[in-house]
Structures are given as structure tokens and as C-alpha cells.
Amino acid sequence: MVYDRRPDDMVRITTPELADAFIEEQLQALRDQIGDRKVLLALSGGVDSSVVAAMLIKAIGDNLVCVHVNHGLLRKGEPEQVIEVFRNQMKANLIYVDATDRFLDKLAGVTDPETKRKIIGGEFIEVFAEEARKLDGIEFLAQGTIWPDILESEAGIKAHHNAGGLPEDMKFELVEPVKILFKDEVRIVGERLGLPAGMVYRQPFPGPGLGVRCPGAITRDRLEAVRESDAILREEFAKNGLEGKVWQYFTVVPDFKSTGVKDGKRTFDWPCIIRAINTTDVMEVTVEHLSDELIDHLVKRIISEVPGINRVLFDYTPKPPATVEYE
Ligand code: XMP
């Protein structure tokens, strides 16, 4: 059956067997709900939308249409992974939209953090709605709503954006197959549906993506420096057994330059800030203290491999007073 709320007596899904039982029941419920009609899904590559996609591909195959919007602010390798996993391996009906230029053109010269966030969110809905209008016969919109989203919206902590803020004239029935699950349950279910561990156990990543880690007006070269340094940090954390252990880690490239020297010549380049934090509820966070060896290695790699960086700084500030992200 399709549950509207998490039953009070529902057993927490902690084992592969419990996940398989949930999947089997939900696949049947989805088939009953949807029949041979079509479902649209905005597939970001994040944990929740990926698990919803994997579930619906199993339930209704080609009648699920996934749209992956690349806003140009994704991490290195992310759009490629979405295409590889969903189109190539799971044979999903996937529309890939590279909207990088569109987003970066709109963001050019915009320095105010909240305005940047609004532009990214608004443009995302516009691109997604444009794609949806090109399709015929879509009756459902799938969403990766999870149980804490519902609880938080009921408690007035955060708005739960039903239908993703789509224009008024676009009316779809909602399909929310992981709506009664907690995050840890979503991850187990995702694994059992065959998603790569790197996808279901990945660290949180904000909707506005690298845009909030490129403070001030985003330029393509500084954004590239954020993306490359982030890729190095992730690679080194994985190699050093910190992946899956540290809650969140990333780099920020602020919009100022300082003097340096390379090969006997003066340089004038950006610093790269490394932030690695731990938390349980993201209301309060503590800093992960890295080993001296790892710090030295990260500094060496980033200054030698990332164009435009001549200095590496570490942000050892807890929250409060500093938020996790810079904007
Ligand atoms: P802050 O910066 O508020 O971040 O201390 C707390 C957590 O939330 C993530 N975050 C976001 N997640 N959309 C998201 O989906 C957003 O706009 C957003 N902003 C921050 C942040 O990465 C951290 O895990």
C-alpha cells in the first residue's frame, strides 16, 4: 500500500532483509498507483532522488522520465556519474540538460549570497519546467521527500516544497516512494536497489552546489579552482580512510588574491580554504583535526595542481559562530 505517514509501529530498516521487504511492497504499490502512466523526476544525483529513480526504474521502467539539470555548479564527475549509473547501467529514460552557460551567465557579477541562491533556485525550476513542457502525457511528479522533511515542515522548521515550486499551471499527482523513511533507511534501500555505495553514502551537498563555495561573484576560472581542489580533497579523504567517517569536507576559494612566489617569479593568486566538519544535527558542528602529514600533502597537491591557487588555509571554526557553508 502507499503510505501517507510512517506507521507508528514500523520497524526501523536496518538490514538488507528489511530493505528488500520494503522494496518489494513498495514496487507493487507503485505499480498499482501508476499503472501504465508516466512519471517525471528531477534527478540531481543526490541520495534521495537517486533512490527514488532506482525504485521507479524497477517499478515502471521507461515510463519514468528523469531529467538531470547540470547547473554548472556540480562537483567534478557528478553529471558523468548520473549518466553512467542511470542511463548506461540502469537503462533509465534520462534527459540530460547542460544548462551551465545559462546559469553562469545569469550569475555573472552577482555578489549578494541570497540573490545568488535565488537565481540558482529560480533558474533550476525554469529549466526543469521547460523540459517538462516538451513532454507529452506526464501525469505524475516523483519527489525524494523523506520522513524528516515531513516532520520538519509540520514543526514549522522548514517549508516542504511540494512539487518543487513548479509553475501553478503544471499540475501533477505526487509520487513519493521514500516518504516514510529516515535517511539511514533510504541509504540501505538504495544499496539494495543496486546503486553504488559512493552514491548512497555520500556527504551532504547543498542545492546551490559549488556556487556557495565560490563566494561573491562567480567566475568560471575561480569556480574551476573550487571544483579541482574539491576533487583533490575528496580523493585524499578517500585514500586516507576519512570518507564516510567525516560528515562533510570541501574547499572554498574566496574572491581575493595575495602575493606569492613560484619559480623565482611573483604570483598574485587566490587562497584555497579547506573545511572538514563533524556533526549529528548540523545545528552545531565541530572541526575534524587532520594529521600533519595529510595537511602537508593536501597543501602540496593543491598548490601544484590547481591553477590560480598559491596558498592553502584551514578553517578550524566550529558552528556556531560559523555556518558550515560560506554563503
Ligand atoms: P549551514 O551552512 O547552514 O549548513 O551551516 C548546514 C548544512 O546544510 C547544507 N546546506 C544546504 N543543503 N540546500 C541544501 O540542500 C542548501 O541551500 C543548503 N545550504 C546549506 C550544508 O551543506 C550543511 O550540510
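These legends describe close-up views of a predicted model.

**View 1. The two domains of the protein.** Domain 1 spans 16–200. Domain 2 spans 209–314. Their C-alpha centres lie 29 Å apart.

**View 2. Contact between domain 1 and domain 2.** On one side, 12 residues of domain 1 take part; they are in contact with 11 residues of domain 2. Two or more residues on the domain 1 side come from each of helix 4 (100–107) and helix 5 (113–134). By class, that side of domain 1 holds 6 nonpolar, 3 polar and 3 charged residues.

**View 3. The shell around the ligand.** Three prolines belong to this shell: Pro 204, Pro 206 and Pro 208. Gly 207 is also around the ligand. So are Gln 248 and Val 282. The remaining members are Lys 319, Thr 323, Val 324 and Glu 325. By class, the shell counts 5 nonpolar, 3 polar and 2 charged residues.

**View 4. The hairpin of strand 7 and strand 8.** Strand 7 covers residues 258–262, and strand 8 covers residues 265–279. The two strands run antiparallel and are joined by 5 bridges. One bridge pairs Lys 262 with Lys 265 of strand 8. Between the strands of this hairpin sit 2 residues. Asp 263, in the turn, has a positive phi of about 50°.

**View 5. Cover over strand 7.** Strand 7 is hardly covered. Among its 5 residues, the count of buried residues is 0.

Terms used
Residues numbered from 1 in each chain as written. Predicted model: local features only at pLDDT ≥ 70, side-chain atom pairs only at ≥ 80, totals over all residues. Near = placed C-beta within 6 Å. Nonpolar A, V, L, I, M, F, W, Y, C, P; charged D, E, K, R; others polar. Domains from an automatic or database assignment. Contact = placed C-beta atoms within 7 Å. Helix = DSSP H or I, 4+ residues; strand = E, 2+ residues; numbered from the N terminus. Buried ≥ 20, exposed ≤ 12 C-beta atoms within 10 Å, placed from the backbone. Pairing = 2+ DSSP bridges.
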